[in-house]
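Trainee: Could you take me through one part of this structure closely, please? I would like to see how a single residue sits in its surroundings and what lies around it.

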2 protein chains.
Amino acid sequence: MSNLLAWTAPPEAAECCSSLSRRPLSPAEADEIALVLKALADPVRLRLLSIVASHPGGEACVCDLTECFELSQPTISHHLKVLHSAGLLQREKRGTWVYYRAHAAALTSLAALITPAVEPALPRSC
Amino acid sequence: MSNLLAWTAPPEAAECCSSLSRRPLSPAEADEIALVLKALADPVRLRLLSIVASHPGGEACVCDLTECFELSQPTISHHLKVLHSAGLLQREKRGTWVYYRAHAAALTSLAALITPAVEPALPRSC
DNA sequence: CAAAAGATTCGACATATGTCTATATTGACA
DNA sequence: TGTCAATATAGACATATGTCGAATCTTTTG
């Protein structure tokens with residue numbers, strides 16, 4: 001599973017808060033962040049995440065979610081797996097049912113990453 | 001050009017702040033947000049945006065950017081176009097050079113969208 | 001005007017991705 | 001133990017995407 005939280009404090013960023021706008025990302029950092037954003041960058045997965053997050057109790061099972069779409073159950077399952085692998089959804093199996101909930105810390109980290117820096121960046125090139 | 005800023009106050013969200021976690025996104029909203037996230041969800045484009053944003057003066061021309069990658073100049077130009085079309089980069093032509101800068105408001109909106117809601121969501125299904 | 005430099009557009013190609021159907025797995029329960 | 005219900009996995013297929021080289025456009029300058 002991709003670990004976005006780990007990104008928030010990479011060695012080379014010890015000097016600073018996490019933000020795209022503070023300094024150029026290394027290729028490796030960009031690869032990792034892109035994995036998480038790719039997981040989010042799909043209309044079905046955005047809706048799945050928003051449905052799960054705003055569901056009563058903050059969680060929903062696959063059967064709840066499948067009803068919301070005109071897509072096959074395996075397709076929904078696939079999208080949930082992508083979100084889970086990216087660390088954006090947490091998974092808990094209870095009996096026959098599997099419940100998903102939003103991983104708030106991962107979303108918070110991602111949002112912080114995107115938020116423009118308030119302070120002007122130090123002069124750098126690449 | 002996709003207009004993320006417009007999303008921040010859609011008619012059906014008048015009740016509330018903008019957040020994925022507040023209520024289920026409509027399919028149309030999800031499509032629009034996905035367009036912006038798709039633009040961000042690429043390692044090269046993430047690096048381009050971070051380089052532009054942290055460049056002295058907050059802007060960089062294409063020639064500055066091409067040096068940072070082992071990719072052809074048309075490829076860089078393509079990625080810049082994607083970011084610009086998504087509203088994440090602003091473009092200004094001065095003489096022969098084209099300067100890009102990060103669109104801070106768009107990034108702020110996107111970050112707000114991803115940030116988990118503090119208040120519990122109202123009970124809703126899809 | 002012509003030539004050069006910066007940038008974009010075009011067309012092609014290989015890879016990645018979203019979706020489906022069919023099948024497998026897991027757990028509840030008679 | 002056998003069957004059923006809820007999810008997940010596998011394999012196939014069509015479409016989307018990232019990259020390139022070649023050509024085109026635009027602006028400066030000799």
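Mentor: Happily, let's look at A:Arg45 and then at the surface near DNA strand C. This is a predicted model, where local features need pLDDT of at least 70 and side-chain atom pairs count only at pLDDT 80 or more, while totals for chains, interfaces and linings use all residues. Residues are numbered from 1 along each chain as its sequence is written, chains are lettered from A and ligands numbered from 1 in the order written, and side-chain values use heavy atoms, leaving out hydrogens and water.

A:Arg45 belongs to helix H3, residues 43-53 of chain A (helices are DSSP runs of H or I with at least four residues, strands runs of E with at least two, numbered from the N terminus). A:Arg45 is buried but has no salt bridge, and A:Asp42, the nearest side chain of opposite charge, is 4.5 Å away. Buried means under 20% relative accessible area, with a 1.4 Å probe and protein chains only; a salt bridge needs a side-chain nitrogen of Lys or Arg within 4 Å of a carboxyl oxygen of Asp or Glu. Lys and Arg count as positive, Asp and Glu as negative, and His and the chain ends are not counted.

Now the DNA: an N or O atom in the side chain of A:Arg45 is 2.9 Å from a phosphate oxygen of DNA strand C. Chain B takes part too, with a backbone N or O atom of B:Cys63 2.9 Å from a phosphate oxygen and a side-chain N or O atom of B:Lys81 3.3 Å from one. Each is a polar contact, here a pair of N or O atoms within 3.5 Å. In total, 25 residues surround the strand, A:His79 being among the closest, where near means a heavy atom within 4 Å.

Methods
Buried means under 20% relative accessible area, exposed over 50%, partly exposed in between (1.4 Å probe, protein chains only). A polar contact is a pair of N or O atoms within 3.5 Å; within protein, one must be able to donate a hydrogen and the other to accept it, and residues adjacent in sequence count only if both atoms are side-chain atoms.
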